[in-house]
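This report describes one protein chain residue by residue, with attention to burial and contacts. The sequence and structure come first.

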Amino acid sequence: MSSHNSSSSSANDPRQPSAAKPYVQPIVLPQDLPVDYAGFIAVVFGVAGVMFRYKLCSWLAVIFCAQSLANMRNIENDLKQVLMASIFALMGLVANYLGPARPSQQTQQKL
């Protein structure tokens, strides 16, 4: 049977306000943070959307940008990556919807 008046359990007893200690968040260095896979995938899809003019890649880049923005941990490092990915995604969407048509699409339209 355990004793209720032991010194180790009374020091960690949350029912005693004088023994409660405030939570201190541990300091994590930026290089020790986990990799932001959504941001990396957004950049890859954004570049593919711009270079190959795939609408699906541009839309997926927008979705992964939003996910990366929602899960941002380090605002200084992650914001640069999210901003770059969103610029590529928007460039791809503008090029796909407002840019000139592809040469293969023009030849099919003439026939």
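## Cysteines

Cys 65 has a relative accessibility of 7% and counts as buried, because the cut-off for buried is under 20%. Cys 57 is also buried, with a relative accessible area of 13%. The model, which is predicted, holds zero disulfides. A disulfide is a covalent bond between the sulfur atoms of two cysteines. In this structure, no pair of cysteine sulfur atoms counts as a disulfide, for which the two would have to lie within 2.5 Å.

## Overall fold and surface

The chain contains five helices and zero strands. Read from the N terminus, its elements follow the order α-α-α-α-α. The chain has 111 residues, of which 21% count as buried.

Among contacts in the chain with a separation of 6 or more, 62% come from residues 24 or more positions apart. The accessible surface of the chain amounts to about 8900 Å². Carbon and sulfur atoms account for 64% of that surface.

## Asp 36 and Ser 68

Asp 36 sits in the loop between helix H1 (7-11) and H2. Although placed in a loop, Asp 36 counts as buried at 18% relative accessibility. That value falls under the 20% cut-off, so the residue is assigned to the buried class. Not counting residues up to four places away in sequence, Asp 36 touches Ser 68 and Gln 81. With Ser 68 there is a polar contact of 2.5 Å, made between the side chains of Asp 36 and Ser 68.

Ser 68 belongs to helix H3 and is buried, with a relative accessible area of 1%. Which residues does Ser 68 contact, leaving aside its neighbours within four places in sequence? They are Asp 36, Ala 38, Gly 39 and Val 82. Asp 36 thus appears in the contact list of Ser 68, and Ser 68 in that of Asp 36.

## Tyr 37 and the nonpolar patch

Tyr 37 is part of helix H2. Tyr 37 counts as exposed at 58% relative accessibility, because exposed requires over 50%.

Tyr 37 also contributes to a nonpolar surface patch of about 510 Å². The other residues that make this patch are Val 35, Phe 40, Ile 41 and Val 44.

## Gly 49 and Gly 92

Gly 49 is located in helix H2, which covers residues 37-52. Its relative accessible area is 1%, so Gly 49 is buried. Leaving aside neighbours within four places in sequence, Gly 49 is in contact with Tyr 54, Cys 57, Ser 58, Gly 92 and Asn 96. One of these partners, Cys 57, is itself buried. Between Gly 49 and Ala 95 the C-alpha to C-alpha distance is 8.9 Å, at a separation of 46 residues in sequence.

Is Gly 92 buried or exposed? Gly 92 is buried, with a relative accessible area of 0%. Gly 92 lies in helix H4, residues 75-98. Its contacts, leaving aside neighbours within four places in sequence, are Gly 49, Val 50 and Ser 58. Ser 58 therefore is a contact of Gly 92 as well as of Gly 49, under a cut-off of 4.5 Å between heavy atoms. Gly 92 and Ala 48 are 44 residues apart in sequence, and their C-alpha atoms are 8.3 Å apart in space.

## Arg 53 and Leu 56

Arg 53 is placed in the loop between H2 and helix H3 (55-70). What is notable in the backbone of Arg 53 is its phi, which is near 55°. This is a positive value in a residue other than glycine. Arg 53 is partly exposed, with a relative accessible area of 23%; the value lies between the cut-offs of 20% and 50%, which means neither buried nor exposed applies.

Leu 56 is found in helix H3. At 61% relative accessibility, Leu 56 counts as exposed. The C-alpha atoms of Leu 56 and Leu 93 are separated by 9.4 Å, and the two residues stand 37 residues apart along the chain.

Terms used:
Residues are numbered from 1 along each chain as its sequence is written. This is a predicted model: local features need pLDDT of at least 70, side-chain atom pairs count only at pLDDT 80 or more; totals for chains, interfaces and linings use all residues. Side-chain values use heavy atoms; hydrogens and water are left out. Helices (H or I, at least four residues) and strands (E, at least two) are DSSP runs, numbered from the N terminus. Buried means under 20% relative accessible area, exposed over 50%, partly exposed in between (1.4 Å probe, protein chains only). Patches are made of residues with over 30% relative accessible area and no salt bridge: like charges are joined within 9 Å, nonpolar side chains (Val, Leu, Ile, Met, Phe, Trp, Tyr) within 5 Å. Accessible areas come from the Shrake-Rupley method with a 1.4 Å probe; for residues, only the protein chains shown count as cover. A salt bridge is a side-chain nitrogen of Lys or Arg within 4 Å of a carboxyl oxygen of Asp or Glu. A polar contact is a pair of N or O atoms within 3.5 Å; within protein, one must be able to donate a hydrogen and the other to accept it, and residues adjacent in sequence count only if both atoms are side-chain atoms.
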